[in-house]
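User: Got a model I'd like to walk through with you. Can we start with the cysteines?

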Amino acid sequence: NRGFFWRNLSAAGAYGAQLARQAAALGRAQKAGYSLLRFGGTGNDYLTYEFGGTKCPEASETKQCLNETTWRSLLSFTAAASARMIFGVSLNTGLDAKGRRLSGDFPYPWDPSNARQILQWTIDNRLDHLLFGFELGNEQNEKYSAKQAAADIQILHNLTVELWPDAAKRPVLFGPDPHSYHSAKIDTYVRDWLRETRKLGVPIFAATHHEYTEVDSTSFTSAAALSVSGEIAAAVNASVRAEDPTVHLVGGEIGPHNGGSPTCSHDYMRWASFGDSLWYADALAAKARNGYYALCRQDYIGADYGLVDCSTGAPLPDFYTGLAFATFMGPKVLDTNASDGTVRSYAHCAAGATDGTVAALVINLGDKHSAVSFPGLGNVTSAAVLAPTGEAGLTNATGLRSE
């Protein structure tokens, strides 16, 4: 959400309208007809909502304000982007820049009064249909135990029941968004949190985690580096399913690296390249293969790891990768394997198909062309090829062509 405050993303402006049109292409490609847009991340818990008589404190690095004008702009962008929002509700923890309390303990239990004000306003203005679900806090697993975090989200659940008595219209709950997996050696925080929420009778729609496997230009073509995403997914699946066999799995915040980039600089564009799309395509397919409901990419725009250019908003290679995946790969995953170690393959029932059509994702990590066959599946009727343009290779932009 940091990027939202120093960009005007209102769909009423030319820049916001451009970004919304591009995002809408991703939304329309989804089976549901819309994508999920998460508003959260670093800075989420610095927010005060200036609604219902609450006044924001003086702005600082760790004190930000979400007022009616900004909230309307965000909701207008969500609608124009063919999206529904996962709204990260602020814990308003009052941190300093290094994540330490200025004084006293972290607030517990959570006070929902300010959240009630912004949500009631949203309902009163008939905009709550844009809210798909809620998270509570961002990466607070080192500050709150799983039991405390479960008690807090019970408060949020009770608030949603109060504001949306009709369960069919009530936004769902996501969590606990721990920071952050880098390998398959995961902790038990998500599983423990689910256990505590079940004890409290809190209905959780999706269990979430954050993930950064730190791929870059030195590892774009490394099979071992790309395999980490699937290894994490398998570990999360096993851990969560041991506690809850039905809750959805969501990569709540997944990107190629873990922050620390400048706000926006074209001199510092490590992931705005074709090479990153090898990782992104593989991560999308690996999560699907391991039963994930969604992968939330960090991020749409911002720093040097967005789907679009941090300044101009022009689509980057990963935008086209995400669009192609959503367009061709349906939700039903099939079993497949590749015999060549430099070729990675995944297969799904084709998006929207009812005649048994199969869509295959093939990723070539080698430096030469590879011939690929699909025994028993008949002829290839169409192909979308993502390939680097020019001589810069993996560090250049991408082109999308149909054959």
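User: How many disulfides does a search of the whole structure find?
Analyst: The search finds 1 disulfide. Keep in mind that this is a predicted model.

User: Which cysteines form the disulfide?
Analyst: Cys-56 and Cys-65. Their sulfur atoms are 2.1 Å apart.

User: What about the handedness of the disulfide between Cys-56 and Cys-65?
Analyst: The torsion about the S-S bond is about 70°, so the disulfide is right-handed.

User: Is Cys-56 buried or exposed?
Analyst: Cys-56 counts as buried, at 18% relative accessibility. Cys-65 has 22% and counts as partly exposed. The cut-off for buried is under 20%.

User: Why is there no bond for Cys-296?
Analyst: Because the closest cysteine sulfur, in Cys-310, is 19 Å from the sulfur of Cys-296. That is too far for a bond. Cys-296 is buried, with a relative accessible area of 19%.

User: And where does Cys-349 stand on accessibility?
Analyst: Cys-349 is partly exposed, with a relative accessible area of 24%.

User: Switching to the sheet. What is the strand order?
Analyst: The order is β1-β4-β5-β6-β7-β8-β9. That makes an open sheet of 7 strands, with parallel pairing.

User: Which strands stand at the edges?
Analyst: β1 and β9, the latter spanning 294-297. Each has a single partner strand, so one side of each is left without a neighbour in the sheet.

User: How much are neighbouring strands of this sheet turned against each other?
Analyst: By 25° on average, direction ignored.

User: Does anything pack on it? Which helix, and which strands does it touch?
Analyst: Helix α5, residues 146-163, packs on the sheet. Helix α5 touches β5 and β6, the latter at 172-176. The direction of α5 makes about 150° with that of β5.

User: Back to the edge at β9. How many bridges pair it with β8?
Analyst: 3 bridges, in the parallel sense. Strand β8 covers residues 248-255. Within β9, Arg-297 stands opposite Ile-254.

User: Now charges. How many salt bridges does the structure hold?
Analyst: It holds 14 salt bridges. One of them joins Glu-135 and Arg-38, with the closest N and O atoms 3.0 Å apart.

User: Where do Glu-135 and Arg-38 sit in the chain?
Analyst: In distant parts, 97 residues apart. Glu-135 is in strand β5, residues 131-136. Arg-38 is in strand β1, residues 35-39.

User: Are Glu-135 and Arg-38 buried or exposed?
Analyst: Both Glu-135 and Arg-38 are buried.

User: Give me one within a helix. What does Glu-68 pair with?
Analyst: Glu-68 meets Arg-72 in a salt bridge, 3.4 Å from N to O. They are 4 residues apart in helix α3, which spans residues 68-80. Being that far along the helix, they are separated by about one helical turn.

User: How accessible are they? What are the values for Glu-68 and Arg-72?
Analyst: Glu-68 has a relative accessible area of 36%. Arg-72 has 37%. Glu-68 is partly exposed, and Arg-72 is partly exposed too.

User: What about Glu-196 and Lys-199, how far apart are their N and O?
Analyst: The salt bridge between Glu-196 and Lys-199 is 3.5 Å, N to O. Both residues lie in helix α6, residues 189-200. They are 3 residues apart, about one turn of the helix.

User: Is Glu-196 buried or exposed?
Analyst: Glu-196 counts as buried, at 17% relative accessibility. Its partner Lys-199 counts as exposed, at 61%.

User: Which residues do salt bridges with shared partners join into one network?
Analyst: Asp-192, Arg-195, Arg-198, Glu-243 and Asp-244.

User: Last topic, aromatics. How many aromatic pairs are there?
Analyst: The count comes to 15 aromatic pairs. Take Phe-87 and Phe-134 as one pair: the ring centres are 6.4 Å apart. Their planes are at 65°, so the pair is edge-to-face.

User: Where are Phe-87 and Phe-134 in the chain?
Analyst: Phe-87 is in strand β4, residues 83-89, and Phe-134 is in strand β5. They are 47 residues apart, so to speak in distant parts of the chain. Both Phe-87 and Phe-134 are buried.

User: Which residues do ring pairs link into a cluster?
Analyst: The cluster holds Phe-39, Tyr-49, Trp-71, Phe-87, Phe-134 and Trp-164.

Technical notes. Residues numbered from 1 in each chain as written. Predicted model: local features only at pLDDT ≥ 70, side-chain atom pairs only at ≥ 80, totals over all residues. Heavy atoms only, no water. Salt bridge = Lys/Arg side-chain N within 4 Å of Asp/Glu carboxyl O. Helix = DSSP H or I, 4+ residues; strand = E, 2+ residues; numbered from the N terminus. Buried < 20%, exposed > 50% of the residue type's maximum accessible area, 1.4 Å probe, protein only. Pairing = 2+ DSSP bridges. Axes fitted to C-alpha atoms, helices over the stretch in contact; angles between N-to-C directions. Contact = heavy atoms within 4.5 Å. Disulfide = S-S within 2.5 Å. Phe/Tyr/Trp six-rings, centres within 6.5 Å; stacked < 30°, edge-to-face > 60°.
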